[in-house]
Amino acid sequence: MPREYDFQAIESKWQKKWAESGLLEADRDETRPPYYYLNMFPYPSGVLHVGHGRNYILGDTLVRYKLMQGYNVLNPMGWDAFGLPAENAAIKFNIHPQKWVRENVANMKKQFHSQGILFDWRREVNTSDPSYYKWTQWVFLKLFEAGLAYKSSAPINWCPSCKCALANEEVVDGACERCGSEVHSRQLDQWYFKISDYAQRLLDDLDMLSKWPEKIVAMQRNWIGRSTGTEVEFLLDDGETVIPCYTTRPDTLFGVTFFSLAVEHPLVEDLVKGTEREKEVLEFCEKNRKVGGARKHEELEKKGVFTGRYVINPVNGEKVQLWVANYALMEYGTGGVMAVPAHDQRDFEFARKYDIPIKVVITPPDRKLDPADMTEAFVEPGVMVNSGPFDGISNEEGKEKITAMLERKGRGTATVKYKLRDWLISRQRYWGAPIPIVHCEKCGHVPVPEKGLPVELPPVDDFRPTGRRSPLEAVDEFVNTTCPSCGAPARRETDTIAQWLCSCWYFLRFTSPFTDDEPFRREDEEYWMPVNQYVGGAEHAVLHLLYSRFIMKVLYDQGLVSHSEPFEALFTQGTIRKDGVKMSKSLGNVVSPDDIVERFGADTLRLYTLFIG
């Protein structure tokens, strides 16, 4: 007779046994090889759905396998509890984020348990707990002490729905990666990390990541965007103002027929002030002031407006029109673009639209090009023409010779540029770690001493974002303080830290979360790090994964960690889809694992999830 499979009795028996035996409780053991497995920890902004299970069930399977192989396995879990995901969900359901996080953490832990997914829960961390964010603030101070954290007024990406500034990496196709709202540009005082100082290191060390997916490595390489070129000085028609321009094609300088400025360029307003074109130009800039780095420039209809001003080409003295164009980038180079319509497709389209001359300066070796007959820009290698003393040489040779000529004249220099821009970490939101800085009229920006950490987030009833100002500005007892340096009355910084910093070092805290007097013990870090296998979403390629590499290198340079890369191997687990799209709480197309576990058992859910993978 077939026997009934009583999965509830069987699974509850073994779940209890695993818990009582401390199967996943790992401590340093020099007699066994360590194996550090880590899943990207979740936002406690709801409950787990079966899409999450793809990540954690894969991980639990590998962890059990490594245990059976004799490894000393570290498999911790925690909660990425600060920031927009949890706060936006709390706003949506009209509940304080602290209460929302606490309830969701409890529910999600039950779900992990019911699915038989094991962790060393002794090491649990919560990024919104003062005992954790004390050390997130410490990391901020380490960057500040190293000159890598600074405050500056600049155009920033502004999400009108989330009501806060966003880093460039958080903008996808001109929209907020969190809520999908169109992002605009605003001028604000913000805190930044100088990740650009590490651009070359971040690029070079990608060669160390042989166990990372090629796609992720390529995404980081492209985002860092190293290029070699020439910075050229064009002179405004006033004979004094220099407008620098970065180009990778100095060989085409003799073909410049106009010059473009980005709509955000700081010179624009002064250029047209008091002229008959002032109103038209400024209205155009306001209308087209989007997030430059997120625009799909290849697909964008090229638009512009003539400023009425001219610039002088340094190689031939020609005077060309100065335009403001919607496809010129402020984020890359200098915000000024020398336009060569014959040899750049964007410039070609723009010149055709506005009837601007096209001048050929590079031709194929076997034929001539007539601008009147061209239907697209010629961008292939070729021979230089219409370029004075450089006629007849290859354009590659021309790059070097024209750059050398500019350097002799003091009008240009060979240089290296990166697309990577400094990391904006300010948030005008409540739910985050306060930035540990005090503003003093006498001393300026003063760091809170380590003994003054954590700077605790004060309780408030109304935590909803208001716009440019942080909700913390309304909390007088938080804002008003004394300067740690001179003792004079001072004000605390009221922006909070973007949640990304919380997750840029959590893997270090997991190695020794039992200490209160330091973020991690060096002997623990040396034993467990780097993470042997990291598993998480590919969507974090130029967010969490890039930021974590940067923070690890900063700490390495300060002698605080023994490794310069945090993750030895990376696996991106993909997504589970429903109704043709990625399963997501925000889309409302999730399937609860609880129902499946209750009806069919955890092993059914686990096996199905593994087999479809």
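Helices (H or I, at least four residues) and strands (E, at least two) are DSSP runs, numbered from the N terminus. The model described here is predicted. Its largest nonpolar core holds 110 residues, and another core, of 50 residues, lies apart from it. The count of cavities of 30 Å³ or more comes to 1. Two cis peptide bonds are described below, one from Leu453 to Pro454 and one joining Met529 and Pro530.

**Nonpolar cores**

- Within the largest nonpolar core, the residues that touch the most other members are Phe140, Trp423, Phe507 and Phe550.
- Set apart from that core is the one of 50 residues, which includes Val305, Val320, Ile358 and Ile393.
- Beyond its neighbours within four places in sequence, Phe550 contacts Leu143, Phe193, Lys194, Ile195, Tyr198, Leu202 and Trp423.

**Lys553 in helix α16**

- Helix α16 spans residues 544–557 and contains Lys553.
- Lys553 has a relative accessible area of 0% and is therefore buried.
- Residues up to four places away in sequence aside, Lys553 touches Tyr198, Arg201, Leu202, Asp205, Ser564 and Glu565.
- Tyr198 and Leu202 are among the contacts of Lys553, and both also appear among those of Phe550.

**Helix α18 and its cover**

- Helix α18 runs over residues 602–612, and its buried residues are Ala602, Leu605, Arg606 and Thr609.
- These residues lie on the same side of α18 because they cover an arc of only 95° around the axis.
- Tyr608 and Phe611 are exposed, on the other side of α18.
- The cover over the buried residues of α18 includes α1 (7–21), α2 (50–68), α4 (97–114) and α17 (593–600).

**Val50 and Gln115**

- Val50 belongs to helix α2, one of the elements that cover the buried residues of α18.
- With a relative accessible area of 11%, Val50 falls under the 20% cut-off and so counts as buried.
- The contacts of Val50, leaving out residues up to four places away in sequence, are Ile576, Met583, Val591, Ser592, Pro593, Ile596 and Leu605.
- From C-alpha to C-alpha, Val50 is 40 Å from Arg226 in space, and the two are 176 residues apart in sequence.
- Gln115 sits in the loop between α4 and β4 (125–126).
- The relative accessibility of Gln115 is 3%, so this loop residue is buried.
- Gln115 touches Ile57, Pro593, Val597, Ala602, Leu605 and Arg606, with residues up to four places away in sequence not counted.
- Three of the residues that Gln115 touches, Ala602, Leu605 and Arg606, are among the buried residues of α18.
- Gln115 and Val73 are separated by 42 residues in sequence and by 20 Å in space, C-alpha to C-alpha.

**Helix α3 and the residue after it**

- Helix α3 (residues 84–92) has Leu84, Pro85, Ala86, Glu87, Ala89 and Ala90 buried.
- Among the elements covering these buried residues of α3 are α4, β6 (164–166) and α13 (499–502).
- Just after α3 comes Asn94, with a positive phi of about 55°.
- Asn94 lies in the loop between α3 and α4.
- Asn94 counts as exposed because its relative accessibility is 58%, and the cut-off for exposed is over 50%.

**The cavity**

- The volume of the largest cavity is about 30 Å³.
- Its lining consists of Gly83, Leu84, Arg427, Arg429, Trp431, Gly432, Thr496, Ile497, Ala498 and Gln499.
- By class, 4 of the lining residues are nonpolar, 4 are polar and 2 are charged.
- Leu84 in this lining is also one of the buried residues of α3.

**Backbone features in loops**

- The cis peptide bond from Leu453 to Pro454 has omega near 0°.
- Pro454 is in the loop between β23 (444–447) and α12 (476–479).
- For the cis peptide bond between Met529 and Pro530, omega is about -5°.
- Pro530 occupies the loop between α15 (522–528) and β27 (533–536).
- Asn386 is not a glycine, yet it has a positive phi of about 50°.
- The loop that holds Asn386 runs between β17 (383–384) and α11 (395–409).
- Asn386 is partly exposed, at a relative accessible area of 45%.

Note on methods. Residues are numbered from 1 along each chain as its sequence is written. This is a predicted model: local features need pLDDT of at least 70, side-chain atom pairs count only at pLDDT 80 or more; totals for chains, interfaces and linings use all residues. Side-chain values use heavy atoms; hydrogens and water are left out. A nonpolar core is a set of buried Ala, Val, Leu, Ile, Met, Phe, Trp, Tyr and Cys residues joined through side-chain atoms within 4.5 Å. Buried means under 20% relative accessible area, exposed over 50%, partly exposed in between (1.4 Å probe, protein chains only). Contact means heavy atoms within 4.5 Å. The arc is that of the directions from the helix axis to the C-beta atoms. On a 1 Å grid over the protein atoms alone, a cavity is a set of points where a 1.4 Å probe fits but cannot get out, and a pocket is an open set with protein on both sides within 12 Å along at least five of seven lines; lining residues have an atom within 4 Å of a point. Grid points are joined across faces, edges and corners, and a volume is the space filled by probe spheres set on the points. Ala, Val, Leu, Ile, Met, Phe, Trp, Tyr, Cys and Pro count as nonpolar, Asp, Glu, Lys and Arg as charged, and the others, Gly among them, as polar.
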